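Colleague: I am new to this, and I would like to learn how such a model is read. Could you take me through it step by step?

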Amino acid sequence: MKKTLAKNYLVIIFTLFIGLLLVSTSCKQVPDEFAASDKYRLVWNSNPETSVTVGWDQLQTSEVEVFFGLQDWGRKYWKYDKSIKPSAGNQKYGMNTQFASLDDLQSGMNYYFVIKDDFGVSERYWFKTAPSEPEAFTFIAGGDTKSSGLPLEAGRATSKMVSKLRPLFVIFNGDFNSGSGLDSLSWQRWLKDWQQLTFTEDGRIIPILPIHGNHENGDKGNLNYIFNSPYHNNDSSSIYYSTTIGGNLVHLIALNSEIETGGAQKDWLEEDLKKNNDCTFKIAGYHKPFRPHYSGKRENDLLYSQWVWLFDQYGLDISIDADSHIHKITYPVRPDTLSVDADMGFVRDDEKGTMYIGEGSWGASPRKTDDDKSWTLASGSFNQVKWIHVFPDESETPAYLEIFTVKTASYDADGNQTLYVEDVEALNEENLFDIPENITLFEDDIFGKSVRYPFYLNNK
Ligand SMILES: [Fe+2]
């Protein structure tokens with residue numbers, strides 16, 4: 001009898017315990033408080049088909065974790081099936097920067113995440129992993145932002161354009177701030193703007209693939225501190241790297257024109273090009289152009305001699321540079337120092353040449369384009385980025401790139417600034433290849449609003 005009573009009590013207690021547990025779980029509330037962090041950023045540092053780096057500024061010391069998964073649970077952090085703690089960080093520029101590497105992700109998927117610390121939970125953000133098979137996508141390339149005045153505002157307008165166009169990623173070709181990259185407030189402002197302006201209204205974060213520019217030269221480890229960019233030979237100033245997306249559709253090489261461009265970097269570049277020779281499109285980004293289209297910038301003969309022959313030998317398709325604060329796009333060209341037709345070490349070669357596009361002006365004041373070459377296709381003095389649509393091979397058409405130049409700001413003779421972003425229709429996930437209403441695209445007399453690569457597709 002006593003035994004039966006005891007057994008019954010145990011059953012009742014157990015049932016109550018389970019009941020309470022269920023009630024407490026179902027009543028778990030999304031916290032009102034937000035995490036003590038900001039300046040969020042996503043970076044492509046290794047293999048974007050399966051990983052992404054999340055970076056942020058941890059404003060108050062705390063245990064912190066990123067909760068993430070394929071299902072959108074809003075700020076209900078406990079519902080996400082994966083979590084990871086930061087694995088790197090630093091205390092540079094008045095920030096407690098933390099980095100967490102989200103790995104083993106599925107390619108071509110949408111991932112949702114929150115950052116939770118002892119103070120609360122961040123907004124819910126989301127991102128896309130790169131596809132692992134050839135698939136159409138768009139990306140934006142540009143560089144050169146400034147830290148004050150009208151150039152700061154032009155740069156902000158361009159960053160806003162990123163959120164409107166929703167590219168898969170951004171290549172930022174260096175020169176993030178005025179000065180030499182040592183000013184805390186400038187870095188903090190840049191990162192705050194990046195969050196406020198490039199994140200989409202529905203919380204999508206566009207990953208950045210950063211490149212080192214001369215305005216980062218005050219400390220050549222800057223990209224490692226801000227973006228956890230990888231470096232070579234235990235030397236944080238040796239930042240250059242590459243990645244491939246879409247299976248073998250696009251190989252992206254982030255070079256560094258501000259350190260030794262021969263030696264180890266050149267050897268690495270050759271190995272990298274050799275290893276990825278079968279990729280459909282090989283694209284290199286770096287800061288300083290070989291042949292600036294503004295006369296106030298000197299020719300970069302050494303850089304040319306270090307890299308151009310490798311670009312030619314391994315069939316680099318597109319080179320993206322910055323630094324001069326102008327728009328330029330060239331015909332496909334290959335290096336030639338001997339032929340009578342050669343102009344500044346290049347001849348046009350529509351079949352095998354590399355197309356050089358650039359040259360900066362995300363935000364920095366546009367300069368004159370007073371140094372065009374015989375192989376310049378177009379140039380212009382305004383703020384702009386390149387918006388590149390990538391299409392894989394289909395039965396009727398070969399794989400190709402369609403390159404648009406998106407104008408974001410310009411100045412009249414009196415220095416009055418006009419911005420071209422506010423009225424631009426924002427794209428959504430269903431129409432990423434559409435040309436949005438009210439966008440201002442550079443239009444060339446011959447080629448119109450875009451240039452295609454391979455070049456014969458232009459029929460010009
Ligand atoms: Fe520069």
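**Reading the model together**

Modeller: Gladly! Let us start with strand 10, residues 137-142: five of its six residues are buried, so the strand is largely enclosed by the rest of the structure. Please keep in mind that this is a predicted model.

Colleague: Thanks. What makes strand 10 and strand 22 a pair?

Modeller: Two strands pair if there are at least two bridges between them. Strand 10 and strand 22 (residues 383-391) have five bridges, in the antiparallel sense. They therefore meet the cut-off of at least two bridges. For an example, look at Ile-140, whose bridge partner in strand 22 is Trp-387.

Colleague: And how do you know that strand 10 pairs with strand 11?

Modeller: By the bridges again: there are four of them between strand 10 and strand 11 (residues 169-172), this time in the parallel sense. In strand 11, Phe-169 is the bridge partner of Phe-139, and Val-170 is the bridge partner of Ile-140. Ile-140 thus has one bridge partner in strand 22, Trp-387, and another in strand 11, Val-170.

Colleague: Which element joins strand 10 and strand 11 in a β-α-β unit?

Modeller: Helix 2, residues 149-165, and the unit is right-handed. A second right-handed β-α-β unit is made by strand 11, helix 3 (residues 184-198) and strand 12. Strand 11 and strand 12 (residues 208-210) also pair in the parallel sense, over three bridges. There, Leu-209 of strand 12 is the bridge partner of Ile-171.

Colleague: What makes you say that both faces of strand 11 are covered?

Modeller: Look at the residues on each side. Phe-169 and Ile-171 are on one side, Val-170 and Phe-172 are on the other, and all are buried.

Colleague: Why is Pro-167 called buried?

Modeller: The cut-off for a buried residue is 20 or more other C-beta atoms within 10 Å. Pro-167 has 23, so Pro-167 counts as buried. You will find Pro-167 in the loop between helix 2 and strand 11.

Colleague: Which residues does Pro-167 touch, not counting those up to four places away in sequence?

Modeller: Thr-138, Phe-139, Ile-140, Val-162 and Ile-206. Pro-167 and His-389 make a nice example of distance along the chain against distance in space: they are 222 residues apart in sequence and 9.0 Å apart, C-alpha to C-alpha.

Colleague: Is Lys-297 buried or partly exposed?

Modeller: Lys-297 has 18 C-beta neighbours inside 10 Å. A buried residue needs 20 or more, and an exposed one has 12 or fewer. With 18, Lys-297 falls in between, so Lys-297 counts as partly exposed. Lys-297 sits in the loop between strand 15 (281-285) and helix 6 (301-313). Leaving aside neighbours within four places in sequence, Lys-297 is in contact with Pro-292, Asp-323 and Ser-324. Asp-323 is 26 residues away along the chain, and 8.9 Å separate the two C-alpha atoms.

Colleague: What makes strand 13 and strand 21 edge strands?

Modeller: The open sheet here has seven strands in the order 13-14-15-16-20-17-21, with mixed pairing. Strand 13 (241-245) and strand 21 (376-380) are its edge strands, as each pairs on one side only. On average, neighbouring strands of this sheet are turned by 15° against each other, direction ignored. Strand 21 is joined by four bridges to strand 17 (residues 327-330), and these two run antiparallel. In this pair, Thr-330 stands opposite Thr-376.

Colleague: How do you know that domain 2 and domain 3 touch?

Modeller: The domain assignment gives domain 1 (1-30), domain 2 (37-128) and domain 3 (137-458). Between domain 2 and domain 3, 28 residues of the former are in contact with 23 of the latter. Strand 1 gives the largest share of the side of domain 2 that touches domain 3, six residues. By class, that side has 13 nonpolar, seven polar and eight charged residues. The centres of the two domains, taken over C-alpha atoms, are separated by 27 Å.

Notes:
Residues numbered from 1 in each chain as written. Predicted model: local features only at pLDDT ≥ 70, side-chain atom pairs only at ≥ 80, totals over all residues. Right-handed = clockwise from strand over helix to strand, strands pointing away. Domains from an automatic or database assignment. Contact = placed C-beta atoms within 7 Å. Nonpolar A, V, L, I, M, F, W, Y, C, P; charged D, E, K, R; others polar. Axes fitted to C-alpha atoms, helices over the stretch in contact; angles between N-to-C directions.
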